[in-house]
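I am opening a notebook on a structure that is new to me. My plan is to look up the chain as a whole, then its sheets, its rings and a few single residues.

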Amino acid sequence: MKDNLLQKLKALNERYMELERLIASPATLANPAQYGTYMKERGSLSRIVQRYLQFTQLLQQKEEAERIVSGVEDKEFQHLAREELQGLEAKEKALMEDITNHLLSREGGAQGGVIMEIRAGTGGEEAALFAADLFRMYVKYAERQDWKVEVFDSSPTEIGGFKEVIFSVEGEGAYQKLRHESGTHRVQRIPATETQGRIHTSAATVAVLPEIEDVEINIDPKDLKVETMRASGPGGQKVNKTSSAVRMTHIPTGIIVRCQDEKSQHKNRSKAERILKSRLYEFYEEQERQKRDKTRKGQIGTGDRSEKIRTYNFPQNRVTDHRINFSLYDLERFMLGHIDEMLEQLQAYSREEQLRQLVATH
């Protein structure tokens with residue numbers, strides 16, 4: 001793994017030096033757009049290349065210390081060389097960890113906050129109640145992290161469930177911790193609406209989209225169709241009498257976003273734009289993933305909401321994530337937002353898989 005990683009770093013260093021030559025060429029200097037592209041790529045590589053050069057220098061120092069330890073008879077000098085070697089080995093381990101973290105964060109895409117979308121799946125009213133339970137679980141987890149939650153849009157049912165709820169979670173590390181929640185969540189329990197005590201199986205889908213800054217996704221106003229309408233609540237009742245609800249269609253992709261939770265049309269439009277940017281980012285990222293990795297298998301999951309990722313079995317007090325074959329047996333506490341252990345297991349597995357994929361491509 002280490003040798004493959006060094007080959008990857010060597011390739012990045014060679015690309016960095018190539019960019020240095022390209023940026024200095026007269027042809028590039030005469031083309032502002034190309035110059036900007038090369039400068040941006042060079043900037044994204046500069047930190048990792050700097051670490052790689054530090055690492056190669058450290059390896060040279062280590063080799064020298066090893067030669068002294070094995071080739072010098074003077075005991076005192078040999079002792080000093082061993083001490084230096086131990087220090088260099090500790091630095092090597094720390095720097096390799098730093099390089100790995102930097103590479104994975106660079107390859108791992110967006111950082112920061114997320115927009116989450118939870119929708120009731122198979123199971124009627126029970127699925128809607130489960131969707132509401134999931135929403136509360138994530139809100140409680142976010143509160144424990146001191147993250148901010150903001151509801152963008154929701155379609156509540158008359159008995160307290162959600163057909164759909166869309167919300168943002170803002171806070172340091174939110175995307176990295178929650179990104180693997182995308183998929184189908186299945187619940188097995190006796191519904192509140194069940195009179196004969198039978199266990200039902202229902203499902204809800206979760207999508208986790210990175211919150212996108214303005215500089216990352218630019219939307220041409222000509223590509224947007226914006227419609228306004230009156231917002232409605234459960235059973236079709238009117239929740240206000242003005243046309244404050246917004247439906248936004250991105251014409252090139254056909255992506256449609258609806259937002260009605262605010263009484264202000266302006267606020268609903270602003271929220272709709274945030275959701276649209278995140279969905280467009282995911283749309284374009286998925287296209288790129290498919291181009292790059294047509295044969296990639298064995299990952300933690302594609303994020304496809306049709307993929308069953310987790311089962312919440314209430315009779316057995318068990319929650320199982322099928323991607324990593326990991327179970328916890330305190331479901332009540334889990335539903336109260338204590339999902340840290342599950343997320344940590346997913347992150348650890350994902351990190352290993354990312355690293356394997358990273359070094360396998362070079």
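**Entry 1: the chain as a whole**

I began with burial, and found that 41% of the 362 residues of the chain count as buried. I note here that what I am reading is a predicted model. Going through the secondary structure, I listed nine helices and eleven strands in the chain. I then looked up the contacts between residues at least 6 apart in sequence, and 62% of these join residues at least 24 apart. For the surface, I wrote down that the chain exposes about 20,100 Å², with carbon and sulfur atoms supplying 47% of that area.

**Entry 2: the sheet of β6, β7 and β8**

In what order do the three strands of the open sheet come? I read the order as β6-β7-β8, with antiparallel pairing. The edges are taken by β6 (224-229) and β8 (255-259), and each has a single partner strand, so one side of each is left without a neighbour in the sheet. From one strand to the next, I found a twist that averages 15 degrees.

I looked more carefully at one of these pairings, that of β6 with strand β7 (residues 245-250), which is antiparallel and runs over six bridges. To have a fixed point in it, I picked Val-226, whose bridge partner in β7 is Met-248. As a reminder to myself, strands of a sheet pair through backbone hydrogen bonds, either parallel or antiparallel.

**Entry 3: β9, β10 and β11**

Next I followed strand β10 (residues 318-321) and its pairings. On one side, strand β9 (residues 308-313) runs antiparallel to β10 and is joined to it by four bridges, and in this pairing Thr-311 stands opposite Thr-320. The hairpin of β9 and β10 has four residues between the strands, and Asn-317 there takes a positive phi near 55 degrees.

β10 also pairs with strand β11 (residues 326-328), in the antiparallel sense and over three bridges; here Asp-321 has Phe-326 in β11 as its bridge partner. These two strands form a hairpin as well, with four residues between them. Asn-325, in the loop between β10 and β11, has a phi near 50 degrees, a positive value in a residue other than glycine. Its relative accessibility is 70%, so I entered Asn-325 as exposed, the cut-off being over 50%.

Are the faces of β10 covered or uncovered? In a regular strand the side chains alternate between the two faces of the sheet. For β10 I found both faces covered, with Arg-318 and Thr-320 buried on one side and Val-319 and Asp-321 buried on the other.

I stayed in this region for Asn-313, which belongs to strand β9 and counts as buried because its relative accessibility is 6%. Leaving aside neighbours within four places in sequence, Asn-313 is in contact with Gln-188, Arg-318 and Leu-331.

**Entry 4: rings**

I counted five aromatic pairs. In one of them, the rings of Phe-135 and Phe-167 have their centres 5.0 Å apart and their planes at 75 degrees, so I recorded the pair as edge-to-face. This pair links distant parts of the chain, since Phe-135 is in helix α5 (residues 124-144) and Phe-167 in strand β3 (residues 162-170), 32 residues apart. Both Phe-135 and Phe-167 are buried.

Elsewhere, ring pairs link Phe-130, Tyr-312 and Phe-334 into a cluster. I also noted a charge over a ring: the charged end of Arg-189 sits over the ring of Phe-314, 5.2 Å from its centre.

**Entry 5: two further residues**

Asp-146 has a phi near 60 degrees, again a positive value in a residue other than glycine. I located Asp-146 in the loop between α5 and β2 (148-156), and with a relative accessibility of 71% it counts as exposed.

My last entry is Gln-54, which lies in helix α3 (residues 32-71) and counts as partly exposed at 39% relative accessibility. How far apart in space are Gln-54 and Glu-92? From C-alpha to C-alpha I read 9.6 Å, while in sequence Gln-54 and Glu-92 are 38 residues apart.

Conventions:
Residues are numbered from 1 along each chain as its sequence is written. This is a predicted model: local features need pLDDT of at least 70, side-chain atom pairs count only at pLDDT 80 or more; totals for chains, interfaces and linings use all residues. Side-chain values use heavy atoms; hydrogens and water are left out. Two strands pair if DSSP finds at least two bridges between them. Axes are lines fitted to C-alpha atoms, for helices over the stretch in contact, and angles run from 0 to 180 degrees between N-to-C directions. Buried means under 20% relative accessible area, exposed over 50%, partly exposed in between (1.4 Å probe, protein chains only). Contact means heavy atoms within 4.5 Å. Accessible areas come from the Shrake-Rupley method with a 1.4 Å probe; for residues, only the protein chains shown count as cover. Rings of Phe, Tyr and Trp (its six-membered ring) pair if their centres lie within 6.5 Å; planes under 30 degrees apart count as stacked, over 60 as edge-to-face and the rest as tilted. A charge sits over a ring if NZ of Lys or CZ of Arg is within 6 Å of the ring centre and within 35 degrees of the ring normal.
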